[in-house]
Amino acid sequence: MRSCCCLQLACLRFMALAPGAADVLAGDPHVATQLMQLLNRGGPGVRAFVSGIAWELAASHTAAEQLLGAGAVPALLTVLQQTAVSVGKGKKKGSKKGSKGDGNASSKKGRDSEGKGVGKGAKGQPGSAAAGKGGVGAPGSQPAAVLMSDPEAAAAVALCNATGALHHLTFLDEAKQELGSKPDGLKLLVLLLSKADGQTYDNVVGCLWNVGLLEGNQEKLAAAGAPAHLVRPIPKR
């Protein structure tokens, strides 16, 4: 039964990549609630697929609002807590982009003007992986069968997808505000800046960048230890 559920979620994950799929799924407001219920009680494979679906749905304004109302921010932060230990396993050092404080550059498209580039991968291309977005060997490039049988691989994919979903959600001011009210969540995201790489790193940078755009969050980001260019993405004149 569990295997059957994962296969169905894997199919839905692929379908969510199709143009317009997010708007179609948003036509049923119960979808967001059901996805968050699965995310809260599912195992590693389920978390990987559901967080990937949420990443895609959050590219739609309506679907993002539905996910937010269904409790996506705390649910996704829980996934981060459960999977952060997987960061860096099986990866070579030096693959992180922008490790000298320019992390915002690799995800800059879509953040200079809110809403641009939402739903895109790190280089502005639609995601094509089974459960995540990345190149060969990156989280999410593994076949669905691997994610159902390898908890460590599934955890890495879930982490990448969950940070991607948070990045997309934080294009909404309500999500910026909610995440800014969770100091432990901000600290976890800041911690991931020094541990994650590749697409996961880009997702974290994009999320914190968005959070810093909301007036009142700057002090909270600073308290969480965020670097200056993310505490205040647009400097005061």
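Of the 66 residues in the largest nonpolar core, three touch the most other members: Leu67, Leu80 and Leu208. Helix α9, residues 151-169, supplies the largest share of this core, with 10 residues. Keep in mind that all of this comes from a predicted model.

Let's stay with one of those three for a moment. Which residues does Leu80 touch once its neighbours within four places in sequence are set aside? The list is Leu159, Ala162, Thr163, Leu166, Leu188, Leu189 and Leu192.

Ala162 turns up again with Thr78. Thr78 sits in helix α6, which covers residues 72-83, and its C-alpha atom is 9.4 Å from that of Ala162, although the two are 84 residues apart along the chain. Is Thr78 buried or partly exposed? Its relative accessible area is 30%, so Thr78 counts as partly exposed, the class between under 20% and over 50%.

**The chain as a whole**

Stepping back, the chain has 14 helices and zero strands, so if you read the elements from the N terminus on, you get α every time. Of the 237 residues in the chain, 51% are buried. As for contacts between residues at least 6 apart in sequence, 74% of them join residues at least 24 apart.

**A small void**

How many cavities of 30 Å³ or more does the structure hold? There are two. The second largest cavity has a volume of about 40 Å³. Its lining is made up of Leu25, Ala26, Asp28, Val31, Ala32, Leu57, Ala63, Gln66 and Leu67. Two elements give two or more residues to that lining, α3 (30-41) and α5 (61-69), and α5 provides the largest share, three residues. Sorted by class, the lining has seven nonpolar residues, one polar and one charged. Leu67 is worth a second look here, as it lines this cavity and is also one of the residues that touch the most other members of the largest nonpolar core.

Leu25, another lining residue, belongs to helix α2 (residues 21-25). Beyond its neighbours within four places in sequence, Leu25 is in contact with Leu12, Val31 and Leu57. Val31 and Leu57 line the second largest cavity as well. Leu25 and Ala63 are 38 residues apart in sequence, with 7.7 Å between their C-alpha atoms.

**Towards the C-terminal end**

Gln218 is found in helix α13, residues 218-223. Why does Gln218 count as buried? Its relative accessibility is 4%, and the cut-off for buried is under 20%, so this polar residue qualifies. Setting aside neighbours within four places in sequence, Gln218 is in contact with Gly212, Leu213, Val231 and Arg232. The C-alpha atoms of Gln218 and Pro233 are 9.2 Å apart, for a gap of 15 residues along the chain.

**Cysteines and accessibility**

How many disulfides does the count come to? The answer is zero. Cys6 is buried, at 5% relative accessible area, and Cys207 is buried too, at 1%. Here are the accessibility values side by side:

| Residue | Relative accessible area | Class |
|---|---|---|
| Cys6 | 5% | buried |
| Cys207 | 1% | buried |
| Gln218 | 4% | buried |
| Thr78 | 30% | partly exposed |

Notes:
Residues numbered from 1 in each chain as written. Predicted model: local features only at pLDDT ≥ 70, side-chain atom pairs only at ≥ 80, totals over all residues. Heavy atoms only, no water. 1 Å grid on protein atoms, 1.4 Å probe; cavity = no way out; pocket = protein on both sides within 12 Å on 5 of 7 lines; lining within 4 Å. Points joined across faces, edges and corners; volume = space filled by probe spheres on them. Helix = DSSP H or I, 4+ residues; strand = E, 2+ residues; numbered from the N terminus. Core = buried A, V, L, I, M, F, W, Y, C linked by side-chain atoms within 4.5 Å. Buried < 20%, exposed > 50% of the residue type's maximum accessible area, 1.4 Å probe, protein only. Contact = heavy atoms within 4.5 Å. Disulfide = S-S within 2.5 Å.
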